[in-house]
Amino acid sequence: MSVFEELSKTTCFGGRQLTLSHDSTSTGTPMRLSVFLPPAAENGPVPCVFWLSGLTCTEENFTVKAGAQRMASELGLMVVAPDTSPRGEGVANDEAYDLGQGAGFYVDATQSPWAPHFKMYSYVTEELPALIREAFPVREGGFGVMGHSMGGHGALTVALRNPDLFKSVSAFSPIVAPTQVPWGQKAFTAYLGEDREAWKAHDACELVRAHGFATQILVDQGDADGFLEEQLQTSRLVDACKEAGQSAKIRMQPGYDHSYFFIATFIDDHLRHHARILG
């Protein structure tokens with residue numbers, strides 16, 4: 001684990017919950033992440049699932065609020081939760097919560113002032129998987145990826161674009177069509193420029209229609225989510241999956257909102273989904 005600096009370690013459900021830091025070559029900044037190692041990792045390689053968090057979040061939100069460790073321990077799953085963006089002195093930022101630090105949108109920025117550091121797509125699809133494989137006992141055959149809101153967008157798009165790397169995917173309250181909604185349009189204009197054709201490479205609905213995904217997509221969305229109508233628009237993904245013949249379980253959960261209470265309620269289902277596919 002030489003590339004990582006261990007910031008904290010605690011025992012949890014028989015496994016180890018770590019908070020780590022390293023100097024990223026993708027972002028040119030220090031990056032933090034959490035890693036849960038189940039007890040099974042003491043005896044050999046285990047499947048690994050990435051969690052991608054949403055706007056304003058760090059590696060800590062999922063780690064302390066989702067309650068994923070108990071089921072991950074039972075299933076023998078490693079869970080890796082990186083931060084949502086580069087941070088620090090000299091890293092571009094914006095006063096708004098939905099742009100800049102804490103809002104990397106899992107793309108590689110091409111526009112100033114974001115391009116030097118905002119390379120979250122490369123970070124989660126190239127650098128981080130390689131480092132995790134080097135440092136931990138990860139089973140061969142690929143990773144799983146899941147996420148929430150902006151991170152749900154990230155999980156769907158990185159999986160759909162990298163099927164050889166990510167073998168399973170799920171999302172909570174994802175931004176399914178960022179090219180069509182204010183959050184995505186604002187971020188993509190800033191990070192990627194005005195060419196809307198280029199945006200389609202980071203739009204889950206466009207990617208499902210283009211080539212789909214080999215395994216079933218799982219999505220949970222609360223019908224009391226205040227962002228559903230304007231920003232999330234889950235029905236667009238339902239339509240895209242039907243048009244493409246994509247296997248998908250997209251569940252509208254009555255009474256649930258956008259919070260981690262919602263995530264904690266259904267996280268066991270998502271972990272079982274990944275464990276089933278990853279073996």
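## A first look at the fold

Buried residues account for 59% of the 279 residues in this protein. Keep in mind as you look around that this is a predicted model.

**The overall picture**

The secondary structure adds up to 10 helices and 9 strands. The radius of gyration is 17 Å, close to the 19 Å that the globule rule gives for 279 residues, so the protein is as compact as a globular protein of that length. If you drew a box around the C-alpha atoms along the principal axes, it would come to roughly 50 × 45 × 35 Å. The protein exposes about 11,000 Å², and carbon and sulfur atoms supply 47% of that area. The chain also folds back on itself over long stretches: among contacts between residues at least 6 apart in sequence, 71% join residues at least 24 apart.

**The sheet**

What is the order of the strands in the open sheet? Going across its 9 strands, you read S1-S2-S3-S5-S4-S6-S7-S8-S9, and the pairing is mixed. Strand S1 (5-12) and strand S9 (248-253) are the edge strands, each pairing on one side only. On average, neighbouring strands in this sheet are turned by 15° against each other, direction ignored.

Start at the S1 end. Here are three of the strand pairs, with one facing residue pair for each.

| Strands | Sense | Bridges | Example of facing residues |
|---|---|---|---|
| S1 and S2 | antiparallel | 7 bridges | Ser8 and Thr19 |
| S2 and S3 | antiparallel | 8 bridges | Gln17 and Phe36 |
| S3 and S5 | antiparallel | 4 bridges | Phe36 and Val79 |

Phe36 turns up twice in that table: it is the bridge partner of Gln17, and it also stands opposite Val79 in S5. That makes Phe36 a handy place to put your finger while tracing the sheet from S2 through S3 (residues 30-37) to S5 (residues 78-82).

Two hairpins sit at this end. S1 and S2 form one with 2 residues between them, and Phe13 in the turn has a positive phi of about 50°. S2 and S3 form the other with 6 residues between them; in this turn Gly28 has a positive phi of about 70°. Strand S2 (residues 15-23) is mostly covered, with 7 of its 9 residues buried.

Now move along to helix H10 (residues 260-278). This helix lies across S4, S5, S6, S7, S8 and S9, and runs at about 165° to S7.

**Three glutamines and glutamates to find**

Gln69 lies in helix H2 (residues 69-75). Is Gln69 buried or exposed? Its relative accessible area is 11%, under the 20% cut-off, so Gln69 counts as buried. Its side chain makes a polar contact of 3.0 Å with the side chain of Gln17. Beyond residues up to four places away in sequence, Gln69 touches Cys12, Phe13, Gln17, Phe36 and Thr63. Phe13 is the residue from the turn between S1 and S2, and Phe36 is the partner of Gln17 described above.

Gln216 sits in the loop between helix H7 (204-210) and S8. With a relative accessibility of 23%, Gln216 counts as partly exposed. Setting aside neighbours within four places in sequence, Gln216 is in contact with Val169, Ser247, Ala248, Lys249, His273, Arg276 and Ile277. Several names there link back to the sheet and its helix: Val169 falls in S7 and His273 in H10, while Ala248 belongs to S9.

Glu230 is found in helix H8 (residues 228-232). Leaving out residues up to four places away in sequence, Glu230 touches Val181 and Pro182. The C-alpha atoms of Glu230 and Gln180 are separated by 9.6 Å, with their positions 50 residues apart along the chain.

**Backbone oddments in the loops**

Which residues does a cis peptide bond join? They are Ser112 and Pro113, with omega at about 0°. Pro113 is in the loop between S5 and helix H3 (120-135). Tyr106 lies in that loop too. Tyr106 has a positive phi of about 55° although it is not a glycine, and at 0% relative accessibility it counts as buried. Thr56, in the loop between S4 and helix H1 (59-65), also has a positive phi, near 75°, and is likewise not a glycine.

Methods. Residues numbered from 1 in each chain as written. Predicted model: local features only at pLDDT ≥ 70, side-chain atom pairs only at ≥ 80, totals over all residues. Heavy atoms only, no water. Pairing = 2+ DSSP bridges. Axes fitted to C-alpha atoms, helices over the stretch in contact; angles between N-to-C directions. Contact = heavy atoms within 4.5 Å. Rg over C-alpha atoms; globule rule 2.2 N^0.38 Å. Buried < 20%, exposed > 50% of the residue type's maximum accessible area, 1.4 Å probe, protein only. Areas by Shrake-Rupley, 256 points an atom, 1.4 Å probe, with all protein chains shown as cover. Polar contact = N/O pair within 3.5 Å; in protein donor to acceptor, adjacent residues only side chain to side chain.
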